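Work through the exercises below with the sequence and the 3D view open. Try each task before reading its solution.

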Amino acid sequence: MGGPGSRSAGRARQQVDQRVGPFKAMARDARVLRVGMNVWPPFLFSGIHVQHIAGDFREVAVRLRHTPLTSNYVGTQFGGSIFAMCDPFWMLMVLRNLGPGYVVWDRAAEVEFLAPGRGPVCTTFHLSQEVLDDLQVRADDGDRVLHWFENDVTADDGTLVARIRKQVYVRRARS
């Protein structure tokens with residue numbers, strides 16, 4: 001059992017580069033993922049609400065409620081909550097669109113706060129086919145790809161509250 005020629009040894013040698021937990025793996029449907037993220041404690045208790053995830057995982061809309069729990073010392077939106085509402089989505093969208101043949105990770109992030117968030121704020125993520133094609137071509141050439149994505153966080157009146165930048169790492173999975 002488990003010798004070099006056995007099936008179990010073959011499975012053990014197959015390294016999986018990108019691990020997705022069993023509960024997250026079940027959320028292949030955008031609606032299921034949206035509902036799951038909305039009851040996920042880090043979002044639920046931070047006032048973060050995922051309003052929409054497109055069926056092709058190329059568009060996501062997120063809103064941060066303004067509550068005493070999301071407010072800082074001076075009563076405006078807590079910067080950590082603003083960042084948290086944006087944190088997982090670029091990586092998730094790229095991962096879902098490129099598929100299991102690729103390894104996708106968050107690599108870096110930048111936040112620029114531009115105005116105080118005195119009420120609810122929201123943002124929308126859009127992932128274009130052109131960006132996906134570029135990531136895929138560069139990763140298929142064997143390169144380690146680092147790509148910056150950017151999105152704006154706005155107040156209900158249209159005021160630009162913050163600009164978030166996330167750097168995503170992509171490479172072809174090892175076979």
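The exercises that follow concern a predicted model.

**Exercise 1. Overall make-up**

Task: Find how many helices and strands the chain has, and in what pattern they follow one another.

Solution:
- Step 1. Count the elements. The chain has 7 helices and 6 strands.
- Step 2. Read along the sequence. The pattern is α-α-α-α-β-β-α-α-β-β-α-β-β.
- Step 3. Look at contacts between residues at least 6 apart in sequence. Of these, 65% join residues at least 24 apart.
- Step 4. Turn to the surface. Of 175 residues, 36% count as buried. The accessible surface is about 10200 Å², and carbon and sulfur atoms account for 54% of that.

**Exercise 2. The sheet**

Task: Work out the strand order in the sheet, and which strands stand at the edges.

Solution:
- Step 1. Trace the order. The 6 strands form an open sheet, β1-β2-β4-β5-β6-β3, with antiparallel pairing.
- Step 2. Find the edges. β1 (48–53) and β3 (102–113) each have a single partner strand, so each has one side without a neighbour in the sheet.
- Step 3. Check the twist. From one strand to the next, the average is 20 degrees.
- Step 4. Zoom in on one pair. β1 and β2 (residues 59–64) run antiparallel and are joined by 5 bridges. Valine 50 stands opposite valine 62 of β2.
- Step 5. Add the helix. α6 packs on the sheet and touches β1, β2, β3, β4 (121–126), β5 (145–155) and β6 (160–172). The directions of α6 and β3 make an angle of about 155 degrees.

**Exercise 3. The core**

Task: Identify the residues with the most contacts inside the largest nonpolar core, and the helix that gives the most to this core.

Solution:
- Step 1. Size the core. The largest nonpolar core holds 39 residues.
- Step 2. Pick out the residues with the most contacts inside it. They are Phe89, Val104 and Val170.
- Step 3. Find the main helix. Helix α6 (residues 89–98) gives the most, with 8 residues.
- Step 4. Follow Phe89. Leaving out residues up to four places away in sequence, Phe89 touches Met37, Phe43, Val50, Val60, Val62 and Phe125.

**Exercise 4. Two cysteines**

Task: Decide whether cysteine 86 is buried or exposed, then classify cysteine 122.

Solution:
- Step 1. Recall the cut-off. Buried means under 20% relative accessible area.
- Step 2. Apply it to cysteine 86. Its relative accessibility is 0%, so cysteine 86 is buried.
- Step 3. Apply it to cysteine 122. The relative accessible area is 22%, so cysteine 122 is partly exposed.
- Step 4. Check for disulfides. The structure holds 0.

Technical notes
Residues numbered from 1 in each chain as written. Predicted model: local features only at pLDDT ≥ 70, side-chain atom pairs only at ≥ 80, totals over all residues. Heavy atoms only, no water. Core = buried A, V, L, I, M, F, W, Y, C linked by side-chain atoms within 4.5 Å. Buried < 20%, exposed > 50% of the residue type's maximum accessible area, 1.4 Å probe, protein only. Helix = DSSP H or I, 4+ residues; strand = E, 2+ residues; numbered from the N terminus. Contact = heavy atoms within 4.5 Å. Disulfide = S-S within 2.5 Å. Areas by Shrake-Rupley, 256 points an atom, 1.4 Å probe, with all protein chains shown as cover. Pairing = 2+ DSSP bridges. Axes fitted to C-alpha atoms, helices over the stretch in contact; angles between N-to-C directions.
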